[in-house]
Amino acid sequence: MREYTYGPFQSRRLGLSLGVNVLTNYKLCTYNCVYCEIGLTKKENLVSPNYRIKLPPSPNFRKELKSILTYFPHLNSITFGYNGEPTLNENLLDFLKVAEGIRNKFDWANQKPILTLFTNSSTLYIDKIRKRVSQFELVLAKLDTANNDDFKRTNRPHHDVPNIEMIIESLIKLKQEIPKNNKLAIQILIYDSYNKDFIPNNNSKNILDIAQALKKIKPDIIQIYSTARIPAEYFVFSIDDERKREIASIFKEVIRDDKIEINIY
Ligand code: SF4
């Protein structure tokens, strides 16, 4: 039975991607996003960004990874994330070291799979966490909102999570600190709402605020996408491709930097 890995799956953004869960077998997160595809965050599992869990990889992680990688010489990414916010695990870098060691010894059909980390960005204001995160070859950091009203409505953060200005500041710092060979992608999930009393993050103020934040962060890549599976809240639904293209052109117009790749999924 597998303990740590999922897939590999064909991912819209990463190609053939093997998922690695570095957390518990239940969801543990600093957010309770309305669109979360792994369900609502239970009250007792909605934790402070200062909360740490110590879960080092067992010898099974090495064995599991080795046995799976043998079958997938075309793998594009080994992707850390899944059951919540991976930076909550104090032992995150122990997983990275094991994966990197095994990855570097294999014979790959093309390029080696990249070591990717998903983060919801809530812990990046902590210097030690930014240092850890910047060691991943590709960091996919969440920024669905760029004002505090939208942030609270969409991501429903734990009360200890700093305000959105501080999160944006920490993304600016992360981009400056990340080694040249590694990349920062900002992942932006935009959704709509069937509930007339609930303002979704697909509103023009939020989109313009995100554009201004992106201009300051200067990431390598911007990824615009929407929900693809069942969301935590029944009233959330996906925006269409036309709206994604519109948002991409608003970002382009505001950012005016051809070095930044803008992709829609
Ligand atoms: S940050 Fe990710 S895991 Fe946490 S609630 Fe939001 S979508 Fe779900």
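**Exercise 1. A residue in a loop**

Task: In this predicted model, find where Thr30 lies and decide whether it is buried or exposed.

Solution:
- Step 1. Locate the residue: Thr30 sits in the loop that runs between β2 and α1.
- Step 2. Check its accessibility. Buried means under 20% relative accessible area. Thr30 has 0%, so it counts as buried.
- Step 3. Look at what touches it. Setting aside residues up to four places away in sequence, Thr30 touches ten residues you can click through: Leu46, Val47, Ser48, Pro49, Leu88, Asn120, Ser122, Pro157, His158 and Val161.
- Step 4. Compare sequence with space. Thr30 and Arg156 are 126 residues apart in sequence, yet their C-alpha atoms are 8.7 Å apart in space.

**Exercise 2. The two sides of a helix**

Task: Work out which residues of helix α1 are buried, and why they line one face.

Solution:
- Step 1. Mark the helix, residues 59–69, and colour its buried residues: Phe61, Glu64, Leu65, Ile68 and Leu69.
- Step 2. Look down the axis of α1. The buried residues fall within an arc of 115°, so they line one face of the helix.
- Step 3. Recall the geometry. An α-helix has 3.6 residues a turn, so residues three or four places apart point the same way.
- Step 4. Turn to the face pointing away from the buried side, where you meet the exposed residues Pro59 and Lys63.
- Step 5. Find the cover. The elements over the buried residues of α1 include β1 (5–11), β2 (15–21), β3 (77–81) and α2 (92–105).

**Exercise 3. Inside and outside**

Task: Describe the largest nonpolar core, then find a nonpolar patch on the surface.

Solution:
- Step 1. Start with the general idea: in soluble globular proteins, nonpolar side chains tend to be buried together.
- Step 2. Here the largest nonpolar core has 77 residues, and those with the most contacts inside it are Phe80, Leu143, Ile186, Ile217 and Phe251. Helix α2 gives the largest share of this core, 7 residues.
- Step 3. Note that a second, separate core has 6 residues, among them Leu14, Leu140, Ala185 and Ile221.
- Step 4. Zoom in on Ile186. Beyond its neighbours within four places in sequence, its contacts include Ala141, Leu171, Leu214, Pro219 and Gln223.
- Step 5. Move to the surface, where Tyr6, Phe9 and Tyr82 form a nonpolar patch with about 300 Å² of accessible area together. Tyr6 belongs to strand β1, and with 34% relative accessibility it counts as partly exposed.

**Exercise 4. Salt bridges along helices**

Task: How many salt bridges does a search of the whole structure find? Then study three that lie within helices.

Solution:
- Step 1. The search finds 16 salt bridges.
- Step 2. In helix α3 (residues 127–133), Asp127 and Arg130 are 3 residues apart, about one turn. Their closest N and O atoms are 3.0 Å apart. Asp127 is exposed at 53% relative accessibility, whereas Arg130 is buried at 3%.
- Step 3. In helix α6 (residues 204–217), Asp209 and Lys205 are 4 residues apart, about one turn, and their salt bridge has its closest N and O atoms 2.7 Å apart.
- Step 4. In helix α7 (residues 241–255), Glu246 and Arg243 are 3 residues apart and meet at 2.8 Å, N to O. Glu246 is partly exposed at 37%, while Arg243 is buried at 18%.
- Step 5. Finish with a network: salt bridges link Arg52, Glu90, Lys128 and Arg132.

Notes: Residues numbered from 1 in each chain as written. Predicted model: local features only at pLDDT ≥ 70, side-chain atom pairs only at ≥ 80, totals over all residues. Heavy atoms only, no water. Buried < 20%, exposed > 50% of the residue type's maximum accessible area, 1.4 Å probe, protein only. Arc of directions from axis to C-beta. Contact = heavy atoms within 4.5 Å. Core = buried A, V, L, I, M, F, W, Y, C linked by side-chain atoms within 4.5 Å. Patch = residues over 30% accessible without salt bridge, like charges linked within 9 Å, V, L, I, M, F, W, Y side chains within 5 Å. Areas by Shrake-Rupley, 256 points an atom, 1.4 Å probe, with all protein chains shown as cover. Salt bridge = Lys/Arg side-chain N within 4 Å of Asp/Glu carboxyl O.
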